[in-house]
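I opened the notebook for a short pass through one model. The entries below follow the order in which I looked things up.

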Amino acid sequence: MCLFCFSGEKLSQDEMGGKYGEAYAKYADYEAKYEITMCQAPGKETGCWCVSMLCLPCSAMKMRHRALNHIEPGSGWANYKCCQG
C-alpha cells in the first residue's frame, strides 16, 4: 500500500517563508499544469515510469541534461554545477 499526500492547493503566504520561500514566491500564481500528475504517471506513462524507477541515476542525469539545454539550447554540460538541486 502506498500513501501519497499531494495537494493541488496554492501555497499560502505563511508557507512562503523559510530558506527558499522568497525564491518560490514569484511562481505562486503560475497557472500552467502538467498533462498528468505524479500519481497518474504509473498508469498513463507506464514505460517511462518503469525505466525511471529502475534506472534512477541514468534518468536523473538525462533530465538534468534536458533542463540545462532547455535553458540554454546547445550548451551540453557547459553550465553544469555540482549540487545544483
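In which helix does Tyr24 lie? I looked this up and found Tyr24 in helix H1, which runs over residues 21-25. The model is predicted, so I read every value below as computed from that prediction.

**Entry: the tyrosine patch**

I stayed with Tyr24 and checked its accessibility. Its relative accessible area is 54%, so Tyr24 counts as exposed, the cut-off for exposed being over 50%. I then asked which residues share a surface patch with Tyr24. The patch is nonpolar and consists of Tyr20, Tyr24, Tyr27 and Tyr30. Together these four tyrosines have about 560 Å² of accessible area.

**Entry: the whole chain**

Next I stepped back to the protein chain. I counted 4 helices and 0 strands in its secondary structure. Read along the sequence, the pattern is α-α-α-α. How much of the chain is buried? I noted that 8% of the 85 residues count as buried. I also looked up the contacts with a separation of 6 or more, and residues 24 or more positions apart account for 10% of them. For the accessible surface I wrote down about 8100 Å². Carbon and sulfur atoms hold 61% of that surface.

**Entry: Asn69 and what it reaches**

I moved on to helix H4, residues 56-71, where Asn69 has its place. Is Asn69 buried or exposed? Its relative accessible area is 16%, so Asn69 is buried; the cut-off for buried is under 20%.

Then I followed the side chain of Asn69. It reaches the backbone nitrogen of Ser75 at 3.0 Å. The side chain of Asn69 also reaches the backbone nitrogen of Gly74, at 3.4 Å. I listed the residues that Asn69 touches, leaving out those up to four places away in sequence: Gly74, Ser75 and Gly76.

**Entry: Ser75, from the other side**

I turned to Ser75 as the partner of that 3.0 Å contact. Ser75 sits in the segment after H4. With a relative accessible area of 16%, Ser75 is buried. Where does the side chain of Ser75 reach? I found it at 2.8 Å from the backbone oxygen of Glu72. With residues up to four places away in sequence set aside, Ser75 touches Leu68 and Asn69. I now had Ser75 linked to Asn69 through its backbone nitrogen and to Glu72 through its side chain.

**Entry: the aromatic pair**

I searched for aromatic pairs. The structure holds 1. The rings of Trp77 and Tyr80 have their centres 5.7 Å apart. Why is this pair edge-to-face? Their planes meet at 80°, and planes over 60 degrees apart count as edge-to-face. I checked the accessibility of both residues. Trp77 is partly exposed at 39% relative accessibility. Tyr80 is partly exposed as well, with a relative accessible area of 40%.

**Entry: two more residues of H4**

From Trp77 I looked back to Arg64, which lies in helix H4. Arg64 and Trp77 are 13 residues apart along the chain. What separates their C-alpha atoms? I noted 9.1 Å. At 23% relative accessibility, Arg64 counts as partly exposed.

Last, I looked up Ser59, which also has its place in helix H4. Ser59 is buried, with a relative accessible area of 17%. I paired Ser59 with Cys48, 11 residues apart from it along the chain. The C-alpha atoms of Ser59 and Cys48 are separated by 9.6 Å.

How values were computed: Residues numbered from 1 in each chain as written. Predicted model: local features only at pLDDT ≥ 70, side-chain atom pairs only at ≥ 80, totals over all residues. Heavy atoms only, no water. Helix = DSSP H or I, 4+ residues; strand = E, 2+ residues; numbered from the N terminus. Buried < 20%, exposed > 50% of the residue type's maximum accessible area, 1.4 Å probe, protein only. Polar contact = N/O pair within 3.5 Å; in protein donor to acceptor, adjacent residues only side chain to side chain. Contact = heavy atoms within 4.5 Å. Phe/Tyr/Trp six-rings, centres within 6.5 Å; stacked < 30°, edge-to-face > 60°. Patch = residues over 30% accessible without salt bridge, like charges linked within 9 Å, V, L, I, M, F, W, Y side chains within 5 Å. Areas by Shrake-Rupley, 256 points an atom, 1.4 Å probe, with all protein chains shown as cover. Salt bridge = Lys/Arg side-chain N within 4 Å of Asp/Glu carboxyl O.
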